[in-house]
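The following questions and answers examine how particular descriptions of a structural model are justified. Each answer sets a value against the criterion on which the description rests.

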Amino acid sequence: MTSDDEAGWYVYGVVPADAPAGLFAAAQGIDEAPVELVAEGDVAAIVNRVPLREFGEEPLRRNLEVPEWLEAKVRAHDRVLSQAVRQTALVPLRFGTVYRSEDGVRAMLRARADELRGGIERLQDRLEFGVKAFLHERATTETAAPATGRDYLLQKQRERDASALADVTVRASARAVHERLAGVADDARVNPPQPPELSGRLDPMLLNGAYLVPIEREPAFVAAVDDLGTAYAGEGIELELTGPWPPYNFVEDEAVE
Amino acid sequence: MTQPSSGAPQRYLGRREASQLPDVLERVLDKGIVIAGDIQISLLDIELLTVKLRLLVASADKAKEMGIDWWETDSFLHRGRDGRSLEDRLRRLEQATGVESGETEDGGEETRDEQ
């Protein structure tokens, strides 16, 4: 159905048409292809050509089930967008948006111009950061060996009470961390915690937050994460900061029609 | 036995390393603006894929056990899309794959072969 060398246009995201020239000159796109801008009006799509033998409907369906393929492509998607994140406002697209021609890309830019412009304006000079909170195994307090059976039962009861109280405490703390960071940020999202098989850590994840931070507040945000990390270390809570990310978590409004 | 943490948060600023693959997947597959391209099948497949990813994420029993569920109010699973709720699709997927979850029990309208 499609010849082997037929190309599609993979779209990573959208930037203002007047974004700095050469912004993606050094970018390595999917399959190391050069990354280009296709401008239409005052918005431009970040694209690279991809072979339809990989990204056509049938092959794509198969490839999505191949973890190595998916990882390479997903990383390329993030790599291209991430390298521009401090230089321009950008609206990230979800993985796998492919057009059959440059005209198709242009038609999309025309059809969604208002929405894309709105997103660009809202995200201008803002960065996404991720903050996760993990719970270390709690240090147990030293107690004397129980002298009697009754002492033993009382001690067990106290331990259960303490453990339940500690759970309530760490939940409240994770929430407090989120609220404090959301206060520094312009916007915030809480995503479901990743389970250990996804996070790669055995420690339970208490918070998986994303924060949209104005560029001038970046130092304040990083300082807040440091402060909170110190403040809650005593409860066994450890924070992890990632970013800056393209604002993946903050384009939902644009997606709703 | 575990050392209390020093309090200095781990920072992975400006770095993208292997350990961050879950974060990259979570964002690139599940976030970002959805625009229908010419290759239509991709979006459907990716949504299915994210549902699979969510099955993984939703298996965070440890968090549930501890009662850490305050994030559920705005979680992905509670958001409908394209007129079909993801919960419906998750339920279908679970039935198809034989994965059991607490939410499937009262999903009465689907006919199921009971033993």
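Helices here are DSSP runs of H or I with at least four residues, strands are runs of E with at least two, and both are numbered from the N terminus. The model is predicted.

Q: Where is A:Asp125 placed in chain A?
A: A:Asp125 belongs to the loop between helix 5 and strand 6 (126–135) of chain A.

Q: Why is A:Asp125 called exposed?
A: A residue is exposed if 12 or fewer other C-beta atoms lie within 10 Å of its own. A:Asp125 has 11 such neighbours inside 10 Å, and therefore counts as exposed.

Q: What makes the backbone of A:Asp125 notable among residues that are not glycine?
A: Its phi is positive, at about 60°, although A:Asp125 is not a glycine. A:Asp31 also has a positive phi, of about 55°, and is not a glycine. A:Asp31 sits in the loop between strand 1 (7–16) and strand 2 (36–40) of chain A.

Q: Why is A:Asp31 called partly exposed?
A: The partly exposed class lies between the exposed limit of 12 or fewer neighbours and the buried limit of 20 or more. A:Asp31 has 15 other C-beta atoms within 10 Å, so it is partly exposed.

Q: How do you know whether A:Ser199 is buried or exposed?
A: The buried class begins at 20 other C-beta atoms within 10 Å. A:Ser199 has 21 C-beta neighbours inside 10 Å and therefore counts as buried. It lies in helix 7 (residues 196–199) of chain A. Leaving aside neighbours within four places in sequence, A:Ser199 is in contact with A:Gln194, A:Met205 and B:Pro22.

Q: What class of exposure does A:Ala89 have, and why?
A: A:Ala89 has 19 other C-beta atoms within 10 Å, and so it is partly exposed. The residue is in the loop between helix 3 and strand 4 of chain A.

Q: Which residues does A:Ala89 touch, not counting those up to four places away in sequence?
A: A:Ala89 touches A:Val15, A:Pro16, A:Ile120, A:Leu123 and A:Gln124. A:Arg175, by contrast, is 30 Å from A:Ala89, C-alpha to C-alpha, and 86 residues apart from it in sequence.

Q: Why are helix 3 of chain A and helix 1 of chain B called roughly perpendicular?
A: Angles of 65 to 115 degrees count as roughly perpendicular. Helix 3 (residues 67–83) of chain A and helix 1 (residues 21–30) of chain B pack at about 75°, with axes 10 Å apart. The two helices are therefore roughly perpendicular to each other.

Q: Which residues make the contact of these two helices?
A: From helix 3 of chain A come A:Glu71, A:Val74, A:Arg75, A:His77 and A:Asp78; from helix 1 of chain B come B:Leu21, B:Val24, B:Leu25, B:Val28 and B:Leu29. The residues of this contact divide into six nonpolar, one polar and three charged.

Q: How many helices and strands does chain B have?
A: Chain B has four helices and three strands, in the order β-α-α-α-β-β-α from the N terminus on. Of its 115 residues, 26% count as buried.

Q: What domains are assigned to chain A?
A: The domain assignment gives domain 1 (7–123) and domain 2 (126–255). Their centres, taken over C-alpha atoms, are separated by 34 Å. Twelve residues of domain 1 and ten residues of domain 2 take part in their contact. On the domain 1 side, helix 5 of chain A supplies the largest share, four residues.

Q: Which residues have the most contacts inside the largest nonpolar core?
A: They are A:Val11, A:Ala45, A:Ile46, A:Val105, A:Leu206 and A:Tyr211, in a core of 71 residues. Strand 8 (residues 205–214) of chain A gives the most to this core, with seven residues. At least three residues come from each of domain 1 (7–123) and domain 2 (126–255) of chain A. Apart from this core lies another, of five residues, among them A:Phe95, B:Leu25, B:Val28 and B:Leu29.

Q: What is the peptide bond from A:Gly243 to A:Pro244, cis or trans?
A: Omega is near 0°, and the bond is cis. A:Pro244 is found in strand 9 (residues 237–245) of chain A.

Definitions and conventions: Residues are numbered from 1 along each chain as its sequence is written. Chains are lettered from A and ligands numbered from 1 in the order in which they are written. This is a predicted model: local features need pLDDT of at least 70, side-chain atom pairs count only at pLDDT 80 or more; totals for chains, interfaces and linings use all residues. Axes are lines fitted to C-alpha atoms, for helices over the stretch in contact, and angles run from 0 to 180 degrees between N-to-C directions. Angles under 35 degrees count as roughly parallel, over 145 as roughly antiparallel, 65 to 115 as roughly perpendicular and the rest as oblique. Two residues are in contact if their C-beta atoms, placed from the backbone, lie within 7 Å. Ala, Val, Leu, Ile, Met, Phe, Trp, Tyr, Cys and Pro count as nonpolar, Asp, Glu, Lys and Arg as charged, and the others, Gly among them, as polar. Domain bounds come from an automatic or database domain assignment. A nonpolar core is a set of buried Ala, Val, Leu, Ile, Met, Phe, Trp, Tyr and Cys residues joined through C-beta atoms within 7 Å.
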